[in-house]
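Me: I would like to learn how to read the interface in a two-chain model. Please take me through it step by step.

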Amino acid sequence: MLSSSRRKALAPIISVGLLLLGWFIASVIVSSDLLLPGPLETMDEFLRIVSSSRGWSDIAETCSKAFLGLFIALGLALSIGFFMGIIDILYELIKPIVVILQSIPIVSWLALAIFWWGVGFSSPVYIVFLTLFPVFTINVAEGVRNVDKKLVEMAKIYKIPKSRVFAKIYLASAFPFIVSSMRVGIGIMWKSVAVAEFMVGASGIGRAMSDAKYSINIERVFAYTLILVVLGILTERLLDMIIKRGSRYALKN
Amino acid sequence: MRLRISNLSRAFDGETIVDKFSYSLEGDFFLTILGSSGCGKTTLLRMISGILKPDTGRVELQSKRLGFVFQDDRLIPWLNAFQNISIVSPESNPVEYLSFVGLKGHDSKYPSQLSGGMRRRLNIARALAFNPDLILMDEPFNSLDVVIKDRLIEDIQKIWTGKKISIIMVTHDPAEAARLSTDIILVQDKFSKVDEIKLGDPLRRSPDDMDLITRDLLSRMKKFSSFVH
């Protein structure tokens, strides 16, 4: 009998294995690299990409656009969301705008992006920013509103300086909200940066996928998709590490 | 310490809770605001602390540093015992105050890891570490078991005698009031009737005196509540 922790470690390996097997069988049945390249062909192409400098520069390009958009969105959301959280009237005023922003589909922004920013580096950054900013802002605001008002009153009675109240009470109670929005946000980030590059990028993974599509190199499309999946998993892991570090730091003096 | 309350009123949603109340007191006092629940005593304490603004009237308080022992403790859940003290008074030595209230060795425990009585002690240690000249206490012995409550009462009396601190305590228990107070404000139903009682030094009070005072306070409280029902 397997122990429960070993069973837990084994479960994802089995499910991913089954997925690969299903993919392999389907590709054998279809037997066309144009319609459905198999896992082996995709792996081949994957290795070719990651052993070329062109491949790495595309990955680096996409990463820098994605993270730049993410950090701008997070920075703005922290400051705007904080004030929305502590001032009720600001919350009531800004929330509808943020909700509208959140409901506008990426394609609408993409259509505008070409005219506003042109084809190149800025457009994908702007798309990532626009998709993440509403999610982060709402969550920071909700997190700050969620603060225990009684703790704030306690801080007032003991005349705790504002900066410390912000860091130790407001930010700490918003922390779980920020973390969960980051988790959702990172998934959205890779999807939106790839779409933006696909449509209006001059370089990067999305653009490489678009080129591969035009030259009917479907293995390449699959291989780049695999790269995006790997990036998504890696950043998720990185976030977990940062959260662990962050909560350990927050618990220290 | 000097406390002067003049013509203080406060209403919530059109209902008057504190009504034109005036009172003044000087010296190293232990003032107890006594009354059954819902009589407005916590509202009065909150106005004395300055956290709640009165509709009319004013509170003059000589105090420069004011500590507060909260009924619901109000400890920061993600900070440990040590940090909960150091956040209000960074220059203090939290360990000293933790051992004073009998929480030696618990400095790295979080509020959720402490029992109700221990949390109350931490709450008191925090108020003491602030180095106050006046401590306000809102039902400090509420929801504690009898033995812990008795020890805490002794501790608080020690704090009051040893440190030249004035204390204002809110309670609904006449026995606590009789044991600790130099002065009592007995509040009946939203300040429609207020008795001001001067008792003098509680350290010179014999257990028999305390019993007598307790019974007297209780009969005053009863008289009024029979009036209501």
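The dialogue below treats chain A and then its interface with chain B in this predicted model.

Me: Which secondary-structure elements does chain A contain?

Reply: Chain A has 10 helices and 0 strands. Of its 253 residues, 41% count as buried. Its C-alpha atoms fill a box of roughly 75 × 60 × 30 Å along the principal axes.

Me: How many residues of each chain are in contact, and how much area do chain B and chain A bury between them?

Reply: The size of an interface is often given as the accessible area lost when the parts come together. Here about 1900 Å² is buried between chain B and chain A, with 63% of it on carbon and sulfur atoms. The contact involves 25 residues of chain B and 18 residues of chain A. Arg74(B), Trp78(B) and Ile87(B) supply 33% of the area that chain B buries against chain A, more than any other three residues.

Me: How many salt bridges are counted between chain B and chain A?

Reply: The count is 3 salt bridges. In one of the salt bridges between the chains, Arg46(B) pairs with Glu153(A), their closest N and O atoms being 2.8 Å apart. The rule for polar contacts finds 7 residue pairs across the interface, both residues at pLDDT 80 or more.

Me: Which elements of chain B give two or more residues to the side that touches chain A?

Reply: They are α1 (41-49), β5 (66-69), α2 (81-86) and α4 (116-129) of chain B. By class, that side of chain B has 16 nonpolar, 4 polar and 5 charged residues.

How values were computed
Residues numbered from 1 in each chain as written. Chains lettered and ligands numbered in written order. Predicted model: local features only at pLDDT ≥ 70, side-chain atom pairs only at ≥ 80, totals over all residues. Heavy atoms only, no water. Contact = heavy atoms within 4.5 Å. Buried area = accessible area lost by both parts, 1.4 Å probe. Salt bridge = Lys/Arg side-chain N within 4 Å of Asp/Glu carboxyl O. Polar contact = N/O pair within 3.5 Å; in protein donor to acceptor, adjacent residues only side chain to side chain. Helix = DSSP H or I, 4+ residues; strand = E, 2+ residues; numbered from the N terminus. Nonpolar A, V, L, I, M, F, W, Y, C, P; charged D, E, K, R; others polar. Buried < 20%, exposed > 50% of the residue type's maximum accessible area, 1.4 Å probe, protein only.
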